[in-house]
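Q: Please take a close look at a single strand in this model. I would like to know its neighbours, its side chains and its connection onward.

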Protein chains: 2
Amino acid sequence: MTNTPNADLGNEPVTVIGLGLMGTALAAAFLDAGHPTTVWNRTPAKAVELVAQGAVLAPSTADALRASSLVVVCLSDAASVREALAPHRAELVGRTLVNLTSGTSDEARELSTWTGDYLDGAIMAIPGVIGRPEAFLLFSGSPEAFGKHRDSLDRLGSATFFGEDPGLASLYDVALLGVMWGTLNAFLHGAALLGTAKVDATAFAPFANQWVGSVTGFISAYADQIDRGAYPAEDATLETHLGTMKYLVRESAAAGIDTDWPARIQALTERAIDGGHAGTSYASLIEVFRGQA
Amino acid sequence: MTNTPNADLGNEPVTVIGLGLMGTALAAAFLDAGHPTTVWNRTPAKAVELVAQGAVLAPSTADALRASSLVVVCLSDAASVREALAPHRAELVGRTLVNLTSGTSDEARELSTWTGDYLDGAIMAIPGVIGRPEAFLLFSGSPEAFGKHRDSLDRLGSATFFGEDPGLASLYDVALLGVMWGTLNAFLHGAALLGTAKVDATAFAPFANQWVGSVTGFISAYADQIDRGAYPAEDATLETHLGTMKYLVRESAAAGIDTDWPARIQALTERAIDGGHAGTSYASLIEVFRGQA
């Protein structure tokens, strides 16, 4: 054996259960940072490279759990987590379970009842950037567990803690992904529209990105309005937005591209206006999403 | 008369036709910058304050046109522009017509046939910021006209020229507004979702805005892919996105908020996947918007 990271006594031992692409990246980041790292996977062959890098392959789930007080689980879904851990619940006592498996907030809340030291996490990064600061990791659950293991979790990327409700990490995850999908869809629709006038997507992108920078200012202002529960039209009324939305629908139709996406945006605004928000700011649209308008 | 801006011979005379909120702001910005400014409005009473600031109120549209070689029109719609200017087309010869009236690209292209010196413009700002650099003004049409009057147009905000097709300013306008609506809707939906877990919108906003910063990186990368016509899944496949989209729909349903917005995003992705894009990047969704998938 030429591998000696386990000799770094300053780093707490960690166990990683589940060696898909992401689990492998997590284990590799712990190894790189000098953590004694134990791994387990249903198919042990997946561990070969990690073992070559210094990981210890546990012969069983129970052995994997016993090896470390910090146990990170990254499986395909919540059912796989239950299946893997249910026979070993007694082993979880006194350990911190960090569940980085994708799932819903309700699944996170259910798993949190298995151990007092539970952290649920979501990873906003591809496996290739794990271990770098641009990998965002969202955590929620036990504040004590996060405080105790924060340094270790920071090895994986930039770790943020959202609060005691174990479901928060999952909720933030999908809410942020939703922001990404909404922004990207709108960019792609705009690129399709401008493409019909022979504008390259790479010509549009810098203006879109500069404009998105301005939109973050609107987001901050509207967040204030939402928390105050009042939506004064300091910039433009929903009625004014509706007028220009109709232009986007018309331009899309004239250009022969999809009209469904802008028509949906228009319909949401019309619903808010029907709900009494013609003269309020764009923030009032949240009441449509809440089902109140 | 105590007003002397007209005495500043370094600034070219300008005419502003249409004194709604925006037209008034445009005329005021020209006056502030020291341009001899002539105004016309169907209801002359709207000009009272501008005249007090030094503007000259023309007794007729023809007089207004004759007063300046740079004529800025800001009316309610293209029909109003045609109605106001059609009787005076002969007066447009030798002048630059800058049409800042909201409208479609086809309306801009039609009006551009009225004079060789035509610029169509779109204003991405509220009247209150006109004259400041954060007011973005988009122009397209005659490059010579833009070159000749660029300094004057920069008095109104930050002026960008997009090209010779007079329709481009309108297209960029709605495409950029579309990016705003898509981003804001997604933020408001996410705020509604997190609100059910007692997360304030002002707590969510900084994370959303930080993440939007990352999304601009995806936009740049995807723009390259679109122009190359190839969508390698360097980050994540559409299939992977689809998996997490389903979580957003499930979370929304469980929280009792609107599921239609995320379901629409999911449906678009499913259409792209049905079109053969399961293993390509998110950029391939542009083919759905183009009507090709």
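A: What follows is a walk around strand 5 of chain A in this predicted model.

Start with the strand itself. Strand 5 of chain A covers residues 96-99. Thr96(A) and Val98(A) point one way. Leu97(A) and Asn99(A) point the other way. In a regular strand, side chains alternate between the two faces of the sheet. Are these four residues of strand 5 buried or exposed? Thr96(A), Leu97(A), Val98(A) and Asn99(A) are all buried.

Next, the neighbours. Strand 4 of chain A, residues 70-73, is joined to strand 5 of chain A by 4 bridges. These two strands run parallel. Here Val71(A) stands opposite Leu97(A). Strand 6 of chain A, residues 118-124, is joined to strand 5 by 3 bridges. Strands 5 and 6 of chain A also run parallel. Asn99(A) has Asp120(A) of strand 6 as its bridge partner. Leu97(A) thus has a place in the pairing with strand 4, and Asn99(A) in the pairing with strand 6.

Now the connection onward. Helix 6 of chain A, residues 105-111, forms a β-α-β unit with strands 5 and 6 of chain A. The unit is right-handed.

Last, the wider setting. The domain assignment of chain A places residues 14-164 in domain 1. Domain 2 of chain A takes in residues 196-289. The C-alpha centres of these two domains lie 40 Å apart.

How values were computed: Residues are numbered from 1 along each chain as its sequence is written. Chains are lettered from A and ligands numbered from 1 in the order in which they are written. This is a predicted model: local features need pLDDT of at least 70, side-chain atom pairs count only at pLDDT 80 or more; totals for chains, interfaces and linings use all residues. Side-chain values use heavy atoms; hydrogens and water are left out. Domain bounds come from an automatic or database domain assignment. Buried means under 20% relative accessible area, exposed over 50%, partly exposed in between (1.4 Å probe, protein chains only). Two strands pair if DSSP finds at least two bridges between them. A crossover is right-handed if, with the strands pointing away from the viewer, the path from the first strand over the helix to the second runs clockwise.
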